[in-house]
Amino acid sequence: MPAAFIRRTAFALFIAALSGFAFAQANKEASTYEPTSGQAGKDVVWIPTPQGLVDKMLDMAKVGPKDFVMDLGSGDGRTVITAAKRGARALGVEYNPDMVELSRRNAEKAGVASKASFVKADLFETDFSKASVITMFLLPDINLKLRPKILALKPGTRIVSNSFDMGDWEADQTATLSAEAGCKASWCTALFWIVPARAAGTHKLPAGELTLRQRYQMLSGTLETEGKTFAVEGRVRGEEITFTAGGRTYRGKMNGRSLELN
Ligand SMILES: C[S@@+](CC[C@H](N)C(=O)[O-])C[C@H]1O[C@@H](n2cnc3c(N)ncnc32)[C@H](O)[C@@H]1O
C-alpha cells in the first residue's frame, strides 16, 4: 500500500475523530447549559417566575385542555410546561436560543413535549392572535407597548402578568401569594385581564336607547326609556356586558358590534 495513501487515510480518520469530539463537546455544553437568574435578555433579563405563582397565574386564567397558551419571553419554559401539564397546547416565545433549547429539554423531561413547544423569536415580531391565554413576566413599559395589540385580540382572551401592570387599564383581578402558599421570594403578585369586547356606541334595545362610552372594561353612559334618561354604569367581561340604570341591573352579550340583552 502506498505510503501517501496511508498518510491521507490516517489524516482523514484523525479529522473525523476530532470533529466527532468537537460535536460531542458542543452537545454536552448545550445540555449542561445553566441559566443564571438576572442574566441579560434582549429587552428583559431572565428571572424565573416562582412555581407557586406560575400555578396561580394559570389558575386565574382557568387554563385547561381547550386553551392555546402563549408565554411571551418564556425563559426556561416553566409556564408553558405547566400549562401543557394541564392539557393545554402551549407555545413559548423566547429570544435566547440557549433558553429555547433548555426549555425543549425541560419539556421532554416533563413528558409534555407534544403539547409544549418553543420558538426562538422576538416577542415584538410575534403574532399572538391565536392564543386564548397570554402569560408574561416582562416590564411595565413593554406591557404598555404590547397593550394596543392585546386590546385588539379576540374578546375573552385572558392575559396574566407576573407583577407588572398595563398602565391605566386596571386588572380585572390581582392576587398576591404568601410564603405559605409557595412564594417565598419576590415576584409573588399576578395580575389578570380579560380582553373586553367593543361595546361603545348607541344600542337600540327593547328597554330603550342605550348610549355607552367605554374605557377598557368600564362602561358609562345613558339609558333613555319611557321619556326618562338614566345614568348607566357597567362593565365588560370578554363579550359579557353588565350595567345598571335607574336601579335595575341589565345583563347581555356583545354579538360583534351589537348588544343582545338576556
Ligand atoms: C423575566 S423573564 C420571564 C421568563 C418566564 N416567562 C417566567 O415567567 O419564568 C423574561 C424572559 O424574556 C426573554 N426576552 C427578553 N426580551 C425578549 C424579546 N424581545 N423577545 C423574546 N424574549 C425576550 C428573556 O430572555 C427572559 O427569558
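A pocket, for our purposes, is an open set of grid points where a 1.4 Å probe fits, with protein on both sides within 12 Å along at least five of seven lines. A molecule sits in one if more than half of its atoms lie within 2 Å of the pocket's grid points. Keep in mind that this is a predicted model.

**Exercise 1.** Work out which pocket the ligand takes up, and describe that pocket.

*Solution.*
Step 1: Match the ligand to a pocket; the space it takes is the largest pocket.
Step 2: Get the volume, which comes to about 500 Å³.
Step 3: Look at the walls. There are 33 lining residues, and V44, V45, G73, E94 and F137 are the closest to the centre. Two elements, α3 (78–85) and β2 (89–94), each give two or more residues to this lining.
Step 4: Sort the lining by class: 18 residues are nonpolar, 8 polar and 7 charged.

**Exercise 2.** Find which residues come nearest the ligand, then pick out its polar contacts.

*Solution.*
Step 1: List the neighbours. The ligand has 20 residues around it, with D43, T49, G73, E94 and L123 coming nearest. By class, that shell holds 9 nonpolar, 5 polar and 6 charged residues.
Step 2: Apply the cut-off for a polar contact, N or O atoms within 3.5 Å.
Step 3: Go through the pairs. The T49 side chain has an N or O atom 2.5 Å from a ligand oxygen. For the E94 side chain, the distance from an N or O atom to a ligand oxygen is 2.7 Å. With L123 it's the backbone: one of its polar atoms is 2.9 Å from a ligand nitrogen.
Step 4: Check the burial. On its own the ligand exposes 600 Å², and the protein buries 99% of that.

**Exercise 3.** Now describe the second largest pocket.

*Solution.*
Step 1: Its space is about 240 Å³.
Step 2: Of its 13 lining residues, K154, P155, G156, T157 and R158 lie nearest the centre.
Step 3: By class, this lining splits into 3 nonpolar, 5 polar and 5 charged residues.

Technical notes. Residues are numbered from 1 along each chain as its sequence is written. This is a predicted model: local features need pLDDT of at least 70, side-chain atom pairs count only at pLDDT 80 or more; totals for chains, interfaces and linings use all residues. Side-chain values use heavy atoms; hydrogens and water are left out. A residue is near a molecule or strand if one of its heavy atoms lies within 4 Å of it. A polar contact is a pair of N or O atoms within 3.5 Å; within protein, one must be able to donate a hydrogen and the other to accept it, and residues adjacent in sequence count only if both atoms are side-chain atoms. Accessible areas come from the Shrake-Rupley method with a 1.4 Å probe; for residues, only the protein chains shown count as cover. On a 1 Å grid over the protein atoms alone, a cavity is a set of points where a 1.4 Å probe fits but cannot get out, and a pocket is an open set with protein on both sides within 12 Å along at least five of seven lines; lining residues have an atom within 4 Å of a point. Ala, Val, Leu, Ile, Met, Phe, Trp, Tyr, Cys and Pro count as nonpolar, Asp, Glu, Lys and Arg as charged, and the others, Gly among them, as polar. Grid points are joined across faces, edges and corners, and a volume is the space filled by probe spheres set on the points. Helices (H or I, at least four residues) and strands (E, at least two) are DSSP runs, numbered from the N terminus.
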